[in-house]
Amino acid sequence: MKRILKKVTDATVNELLQNEIILPSTYFQCFDKHAKTLEIDLEDKEFHKNLDSFIAKEYADINDYAKKTLESLDKVTLATKDAKLAIENKDESSLQKIYHEMQDLKKELDTVTNKVFKDEVTQAFNKKWIYNRFLNNEYNFKKDGALALIKVENADYIYENYGQLIFDNLQIFLVKYITKKIKEERLNYSIARFINNQFIIFFDNEDLKECSHVINNIKNLIEDTTLKSKSGILIKPKFTYEMNTYSKNESFSELIENSFINTY
């Protein structure tokens with residue numbers, strides 16, 4: 001259910017991205033149109049039953065994340081008090097124990113963070129992470145930086161002709177390959193899945209020209225690659241990209257809208 005709703009939502013947002021104003025009626029009409037392409041009847045009772053179950057699970061997950069976060073905060077508070085006491089008593093054994101407890105706590109927090117801010121398929125960051133990490137309350141950038149907007153080519157064709165599994169595996173490959181090559185160049189970066197087959201690579205304190213050179217080299221290497229599935233299907237991965245700088249307090253939506261228009 002979640003994957004189906006996400007696919008319809010991504011298609012809807014992608015189509016309406018260029019609109020300066022989106023009314024609720026416009027969004028619903030567009031959402032309904034894309035739902036019908038996946039043969040989803042929004043008036044179907046069974047659909048609403050499944051939707052209610054999905055929403056209930058989402059709320060349960062949110063409550064679980066909140067509970068774990070509060071428990072972690074309590075542990076941090078207690079560990080801080082214990083550490084202060086251990087330092088005063090010069091108790092190295094207790095400090096060592098507290099250190100290991102904090103390492104375990106970090107793993108717990110990382111697990112919760114990944115569930116909230118990671119894309120389930122590619123394990124790249126998701127849109128929640130973008131809005132939390134880079135944007136202020138007005139959805140403008142918090143600081144200056146550079147980014148690359150990546151659009152996977154032929155995504156719709158691959159999905160329609162080869163199915164969800166091949167479509168997912170293609171994007172998993174691209175994310176892994178791109179991140180591997182950027183790491184080799186020792187650039188500071190983060191990659192996030194924005195909408196369906198569109199990704200954003202954020203570069204931190206890096207030269208735009210150098211970043212563009214690296215992405216272009218990766219693009220050329222990928223285009224010389226042929227992927228083969230276990231069933232023998234051959235696919236040539238390909239993506240287009242647009243490089244941009246952004247400034248503090250610049251509108252995120254306007255930059256993304258203009259940049260993705262250029263990648264089409």
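The following questions and answers go through a predicted model of one protein chain, from its overall make-up to single residues.

Reader: How many helices and strands does the protein chain have?
Author: Of the 264 residues in this predicted chain, 37% count as buried, and the accessible surface comes to about 16,700 Å², of which 51% belongs to carbon and sulfur atoms. Among contacts with a separation of 6 or more, 64% join residues 24 or more positions apart. The secondary structure of the chain consists of nine helices and six strands.

Reader: Which element gives the largest share of the largest nonpolar core?
Author: The largest nonpolar core holds 26 residues, of which Ile182, Ile201, Phe203, Ile215 and Ile218 touch the most other members. The elements that give two or more residues to this core are S1, H7, S3, H8 and S6. The largest share, seven residues, comes from H7.

Reader: Which residues does Ile182 touch, not counting residues up to four places away in sequence?
Author: Ile182 is one of the buried residues of H7, and it is also among the core residues that touch the most other members. Not counting residues up to four places away in sequence, Ile182 touches Leu187, Tyr189, Ile201, Phe203, Val214, Ile215 and Ile218.

Reader: How many residues are in the other core, which includes Phe117 and Ile256?
Author: The elements giving two or more residues to the largest core are S1, H7, S3, H8 and S6. Apart from that core lies another, with Phe117, Ile130, Phe202 and Ile256 among its members, and its number of residues is 17.

Reader: How far apart are the end C-alpha atoms of H7?
Author: H7 has 21 residues, and at 1.5 Å a residue these should span 30 Å. Its buried residues include Ile166, Phe167, Leu170, Leu174, Ile178 and Ile182, together with polar ones such as Asp168 and Gln171. The expected span agrees with the separation of the end C-alpha atoms in the model, which is 30 Å.

Reader: What is the phi of Arg186, the residue in the loop between H7 and S2?
Author: Most residues other than glycine have a negative phi. Arg186, in the loop between H7 and S2, is exposed, with a relative accessible area of 74%. Its phi is positive, with a value near 60°.

Reader: Where does Asn249 lie, given its positive phi?
Author: Asn249 is not a glycine, although its phi is positive, at about 75°. Its place is the loop between S6 and helix H9 (252-263).

Reader: Why are the buried residues of H8 on the same side of the helix?
Author: The buried residues of H8 are Cys211, Val214, Ile215, Ile218, Lys219 and Ile222. They lie on the same side of H8 because they cover an arc of only 140° around the axis. What covers them includes strand S1 (145-152), helix H7 (164-184), strand S3 (198-203) and strand S6 (239-246), whereas the face turned away from the buried side carries the exposed residues Lys209 and His213.

Reader: Which residue has a side-chain oxygen that reaches the backbone nitrogen of Lys209?
Author: H8 runs over residues 208-223, and its end C-alpha atoms are 22 Å apart, in agreement with the span expected for 16 residues. At the start of this helix, a side-chain oxygen comes to within 3.2 Å of the backbone nitrogen of Lys209, and that oxygen belongs to Asp207.

Reader: With which side chain does the side chain of Arg193 make a polar contact?
Author: Arg193 is found in strand S2 (residues 189-195), and because its relative accessible area is 8%, below the 20% cut-off, it counts as buried. Beyond its neighbours within four places in sequence, its contacts include Val121, Phe125, Phe167, Gln171 and Phe199. At 3.1 Å, the polar contact is with the side chain of Asp119.

Reader: Which backbone oxygen lies 2.8 Å from a polar side-chain atom of Asn197?
Author: Asn197 lies in the loop between S2 and S3 and is buried, with a relative accessible area of 8%. Leaving aside its neighbours within four places in sequence, Asn197 is in contact with Ile150, Lys151, Val152, Ala155 and Gln171. The backbone oxygen at 2.8 Å is that of Val152.

Reader: What separates the C-alpha atoms of Pro237 and Thr225?
Author: Pro237, in the loop between strand S5 (234-235) and S6, is buried, with a relative accessible area of 1%. Its contacts beyond four places in sequence include Leu170, Leu174, Ile222 and Thr225. Pro237 and Thr225 are twelve residues apart along the chain, and the separation of their C-alpha atoms is 7.0 Å.

Note on methods. Residues numbered from 1 in each chain as written. Predicted model: local features only at pLDDT ≥ 70, side-chain atom pairs only at ≥ 80, totals over all residues. Heavy atoms only, no water. Helix = DSSP H or I, 4+ residues; strand = E, 2+ residues; numbered from the N terminus. Expected span 1.5 Å × (residues − 1). Buried < 20%, exposed > 50% of the residue type's maximum accessible area, 1.4 Å probe, protein only. Arc of directions from axis to C-beta. Contact = heavy atoms within 4.5 Å. Polar contact = N/O pair within 3.5 Å; in protein donor to acceptor, adjacent residues only side chain to side chain. Areas by Shrake-Rupley, 256 points an atom, 1.4 Å probe, with all protein chains shown as cover. Core = buried A, V, L, I, M, F, W, Y, C linked by side-chain atoms within 4.5 Å.
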